[in-house]
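Let's take a friendly walk through a protein together. Have a look at the sequence and the 3D view, and then read on.

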Amino acid sequence: KQFWFRLRPACPSPAPFVTTNTSPRFPCAARNGDENMLEDSADLASFIVTSSAGASRGFLARGLVIGTAVYVFLGVVGTIVALTFFVKETRNITKGESRRLGLFVVWTSIFCMWLIWACVYMHQMVPLIRPEHVQK
């Protein structure tokens, strides 16, 4: 019922490792008939502590933080440009409404661009498929 506890089977010894579809963060692969899964919250806590030792910092990874700062800087520059050059009052829209529309467009586009960049960046931090070297 709580399938998110079934992330990784327990691997007590290195002998039964399977070399396909494994990664340094999750070196154990499911074995035939192995039902030693995480059972309770204590097992989950030990799994999180042992699997994250020496691993990436997730949302606080250096590249992700620097990239986020770059997008915030681009948002500030876009805000200055929008408020300086593109705010106009016409018969259909007031100057205040034009200012709010410019800010909305700039920050919505910055957020969407940052979100797709962050997804692509984080996907490359821990790839799902690892290349296999085939010797001939």
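The report below goes from the whole protein to its helices and then to single residues.

## The whole protein

Keep in mind as you read that this is a predicted model. The protein holds three helices and zero strands, so its elements, read from the N terminus, follow the order α-α-α by the way helices and strands are assigned.

How much of the protein is buried? Buried residues account for 19% of its 136 residues. The accessible surface adds up to about 10900 Å², and carbon and sulfur atoms contribute 65% of that. Now think about contacts between residues with a separation of 6 or more: 60% of these in the protein link residues 24 or more positions apart.

## Helix 2

Helix 2 covers residues 62-85. With 24 residues, helix 2 reaches 35 Å from its first C-alpha to its last, close to the 34 Å expected at 1.5 Å a residue. Its buried residues are Leu64, Gly67, Tyr71, Gly75, Thr79 and Ala82, and they pack against helix 3.

Let's pick out Gly67, which sits in helix 2. Gly67 has 10% relative accessibility, so it counts as buried. In the sequence, Gly67 and Tyr121 are 54 residues apart, yet their C-alpha atoms are 9.4 Å apart in space.

Val77 also belongs to helix 2. Is Val77 buried or partly exposed? Its relative accessibility is 35%, and therefore Val77 counts as partly exposed. Val77 helps to make a nonpolar surface patch of about 770 Å². Its partners in that patch are Ile66, Val70, Phe73, Leu74, Val81, Phe85 and Phe86.

## Helix 3

Helix 3 runs over residues 95-125. It has 31 residues and spans 45 Å from first C-alpha to last, close to the 45 Å expected at 1.5 Å a residue.

Which residues of helix 3 are buried? They are Ser98, Gly102, Val106, Ile110 and Ala118. Helix 2 is included in what covers them. You can see the matching picture from the other side, where the buried residues of helix 2 pack against helix 3.

## Between the two helices

Val87 is in the loop between helix 2 and helix 3. Why is Val87 called buried? Its relative accessible area is 15%, and buried means under 20%, so Val87 fits the label.

Setting aside neighbours within four places in sequence, Val87 is in contact with Ala82, Lys95, Ser98 and Arg99. Another pair to find in the 3D view is Val87 and Leu103. They are 16 residues apart in sequence, and their C-alpha atoms are 10.0 Å apart in space.

## A closer look at Ser98

Ser98 is part of helix 3, and its contact with Val87 brings us back to the loop. Ser98 counts as buried because its relative accessibility is 10%.

What does Ser98 touch, not counting residues up to four places away in sequence? The list is Phe86, Val87, Lys88 and Ile93. For Lys88 there is a further detail: its backbone nitrogen lies 3.3 Å from a polar atom of the Ser98 side chain. Phe86, also touched by Ser98, is one of the residues in the nonpolar surface patch.

Definitions and conventions. Residues numbered from 1 in each chain as written. Predicted model: local features only at pLDDT ≥ 70, side-chain atom pairs only at ≥ 80, totals over all residues. Heavy atoms only, no water. Helix = DSSP H or I, 4+ residues; strand = E, 2+ residues; numbered from the N terminus. Buried < 20%, exposed > 50% of the residue type's maximum accessible area, 1.4 Å probe, protein only. Polar contact = N/O pair within 3.5 Å; in protein donor to acceptor, adjacent residues only side chain to side chain. Contact = heavy atoms within 4.5 Å. Expected span 1.5 Å × (residues − 1). Patch = residues over 30% accessible without salt bridge, like charges linked within 9 Å, V, L, I, M, F, W, Y side chains within 5 Å. Areas by Shrake-Rupley, 256 points an atom, 1.4 Å probe, with all protein chains shown as cover. Salt bridge = Lys/Arg side-chain N within 4 Å of Asp/Glu carboxyl O.
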